[in-house]
Amino acid sequence: MMQHLIALPIVLPLVAGILLLYSRQGKTRLKRLVGVFATLLLVVVGIGLVARATGGEVTYYALGDWQPPFGIVLVLDRLSALMVLLTAVLALGAVVFACAGDDEQGSNFHGLFQWQLMGINGAFLTGDLFNLFVFFEVLLLASYALLLHGGGKARIQAGVHYVVLNLAGSSLFLIAVGVLYGATGTLNMADMAVRLAELPAERAGLVSAGALMLLVVFGLKAAILPLYFWLPRAYAAAPAPVAALFAIMTKVGIYAILRVYSLIFGEQAGPLAALEQPWVWWLSLATLAAAGVGVLAARDLRLLVAYLVLVSVGTLLAGIGMRSPEATAALLYYLVHTTLVTGGLFLLAELIGLQRGKAGTRLVRGRPLRQGGWLAGLFFLGAVAVAGLPPLSGAIGKALVLQAADAGQRLWLWPILLATGLFTLIALSRAGSTLFWRSRGEPGGEPLSRRRWFGVAWLLGASPLLVVLAGPVSDYTRATADQLARPAILIDSLLSTAGDAP
């Protein structure tokens with residue numbers, strides 16, 4: 001059974017999604033039980049994968065027993081295990097929250113939710129570029145339907161922009177994969193890394209073009225400037241549990257950049273090594289600055305949280321742009337923090353909107369909140385965490401990123417990142433005072449269900465937990481960064497011991 005563990009993050013949501021879509025007219029209670037149970041099992045599987053990867057060994061699963069570089073492989077290392085577990089933890093909070101009623105606003109919510117998890121996990125585990133494209137398409141198809149769940153003009157408008165841009169990105173992705181396959185003769189990422197070291201000089205320009213096209217595609221997924229304009233409106237319009245799950249979607253783009261350019265275009269690639277670094281570095285700083293302005297300009301809580309996602313994207317890409325093991329370790333810790341906290345803030349925004357009547361999540365004067373004390377406490381927790389203030393995990397993550405910069409990089413990163421943090425603090429302080437102090441009339445809204453409270457507390461509670469576990473988590477991220485800095489470990493595991501794999 002253990003040799004099949006690597007495939008379970010894909011197989012489990014695939015089977016659950018088929019069952020849920022097959023019984024689309026079934027009882028709501030049964031569909032909720034299946035969706036929550038499948039997601040809970042995914043958390044258990046994610047813990048098992050992290051435990052298996054902790055020793056530092058890279059393992060793979062050859063589908064159909066076709067050994068690499070010829071067959072489809074799923075690769076497990078520290079990074080892929082971390083991302084699968086992070087996705088499962090985020091999804092559990094979102095799906096439990098959805099079971100309070102959001103799942104009934106449209107059809108097929110739980111089945112589509114599981115299939116999106118399948119696509120996300122497949123993207124984290126795949127070992128070749130074409131199947132990375134395939135899993136991107138799976139998660140995008142599911143996300144198209146989830147974004148429109150419940151209907152409404154705002155969601156349809158945001159959905160059209162989202163679909164058109166991602167279709168263009170998918171087309172470019174396919175072209176880039178074709179270019180790289182034509183130049184190297186392989187799609188397996190480890191094998192491509194080996195062949196780049198022996199690449200004839202006349203093909204270097206073709207490979208560079210393919211690599212930069214991939215950077216555009218991954219930059220669109222990650223929402224890097226100038227490719228981020230679709231994100232704020234799409235995330236703000238999405239149903240709350242869908243927006244919470246979308247918090248991991250930009251991290252798929254971050255992961256793809258980290259994986260492809262550390263493995264394929266690592267030091268062994270010679271002149272092609274680190275060709276993405278200057279692009280990622282300067283665009284990350286521009287993304288940070290633009291997102292900081294967006295945070296200040298936001299006049300809706302959902303939109304504010306969406307811009308906070310962009311702030312995290314800029315911070316993470318700056319870590320990639322620094323291209324050092326210390327920076328990679330810092331960005332991985334920050335990635336875990338920001339994914340869970342921004343996901344929790346999307347859910348919290350929904351709770352606040354439900355009790356404000358017509359004002360909803362707009363940052364205007366509205367009715368007092370019936371459960372304002374608890375909501376204010378959770379908002380304060382989330383605001384302190386996402387702004388990067390001590391003593392919560394955001395402060396640790398940002399401090400690690402700032403510390404990882406060298407003297408030349410600090411000249412640019414420190415003022416931009418610290419100024420963006422100040423903008424975030426001002427915007428959240430203004431939002432909190434408007435939502436909880438500037439009120440009139442009688443308290444409105446119905447008491448919130450326990451499922452909604454659980455979803456928010458599950459995700460926002462990760463911030464203090466990451467402080468308590470800062471030592472073990474930092475040790476794991478440092479070991480992950482060291483493993484990524486030595487791509488030969490993964491290459492040798494896939495290509496030198498193929499006959500011993502399960």
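## A guided tour, starting from helix H3

Begin by selecting helix H3, which is mostly covered, with 21 of its 21 residues buried. The model on screen is predicted. With the selection still active, compare the C-alpha atoms at the two ends of H3 (residues 78-98): they are 30 Å apart, which agrees with the 30 Å that 21 residues should span at 1.5 Å a residue.

**Strands S1 and S2**

Next, select strand S2 and show its side chains: Val73 and Val75 point one way, Leu74 and Leu76 point the other way, and all are buried. Add strand S1 (residues 59-62), which pairs with S2 in the antiparallel sense over four bridges. To find the register between them, pick Tyr60, which stands opposite Val75 in S2.

**Salt bridges**

A search of the whole structure finds eight salt bridges, and the following stops visit some of them. Select Arg259 and Asp77, whose side chains meet in a salt bridge at 2.7 Å, N to O. Because Arg259 lies in helix H11 (residues 249-263) and Asp77 in the loop between strand S2 (73-76) and H3, this pair ties together parts that are 182 residues apart in sequence. Both Arg259 and Asp77 are buried.

Move on to Arg452 and Asp102, where the side chains meet in a salt bridge at 2.8 Å, N to O. Here Arg452 belongs to helix H18 (residues 450-460) and Asp102 to the loop between H3 and H4, so the contact ties together parts that are 350 residues apart in sequence. Arg452 counts as buried at 11% relative accessibility, and Asp102 counts as buried at 3%.

Now select Arg32 and Glu104, which form a salt bridge of 3.3 Å, N to O. That pair links distant parts of the chain, with Arg32 in helix H2 (residues 28-53) and Glu104 in the loop between H3 and helix H4 (109-125), 72 residues apart. Is each partner buried or exposed? Arg32 is buried, with a relative accessible area of 15%, whereas Glu104 is exposed, with a relative accessible area of 51%. Adding Asp103 to the selection completes a network of salt bridges that links Arg32, Asp103 and Glu104.

**Aromatic pairs**

The whole structure holds 19 aromatic pairs. One of them is formed by Phe124 and Tyr255, which are edge-to-face, at 5.0 Å centre to centre with 75° between the planes. Phe124 in helix H4 and Tyr255 in helix H11 are 131 residues apart, and the pair links distant parts of the chain. Both Phe124 and Tyr255 are buried.

Then select Trp282 and Trp412, whose ring centres are 5.1 Å apart and whose planes are at 85°, so the pair is edge-to-face. This pair also links distant parts of the chain, with Trp282 in helix H12 (residues 277-297) and Trp412 in helix H17 (residues 407-436), 130 residues apart. Trp282 counts as partly exposed at 43% relative accessibility, and Trp412 is partly exposed, with a relative accessible area of 42%.

To see an aromatic cluster, select Tyr144, Tyr162, Trp230, Tyr235, Phe246 and Phe346, which form one cluster.

**A patch on the surface**

For the last stop, switch to a surface view and select Val11, Leu14, Val15, Ile18 and Leu19, which make a nonpolar surface patch of about 390 Å². Within this patch, Val15 lies in helix H1 (residues 8-22), and at 43% relative accessibility Val15 counts as partly exposed.

Definitions and conventions:
Residues numbered from 1 in each chain as written. Predicted model: local features only at pLDDT ≥ 70, side-chain atom pairs only at ≥ 80, totals over all residues. Heavy atoms only, no water. Patch = residues over 30% accessible without salt bridge, like charges linked within 9 Å, V, L, I, M, F, W, Y side chains within 5 Å. Areas by Shrake-Rupley, 256 points an atom, 1.4 Å probe, with all protein chains shown as cover. Salt bridge = Lys/Arg side-chain N within 4 Å of Asp/Glu carboxyl O. Buried < 20%, exposed > 50% of the residue type's maximum accessible area, 1.4 Å probe, protein only. Expected span 1.5 Å × (residues − 1). Pairing = 2+ DSSP bridges. Phe/Tyr/Trp six-rings, centres within 6.5 Å; stacked < 30°, edge-to-face > 60°.
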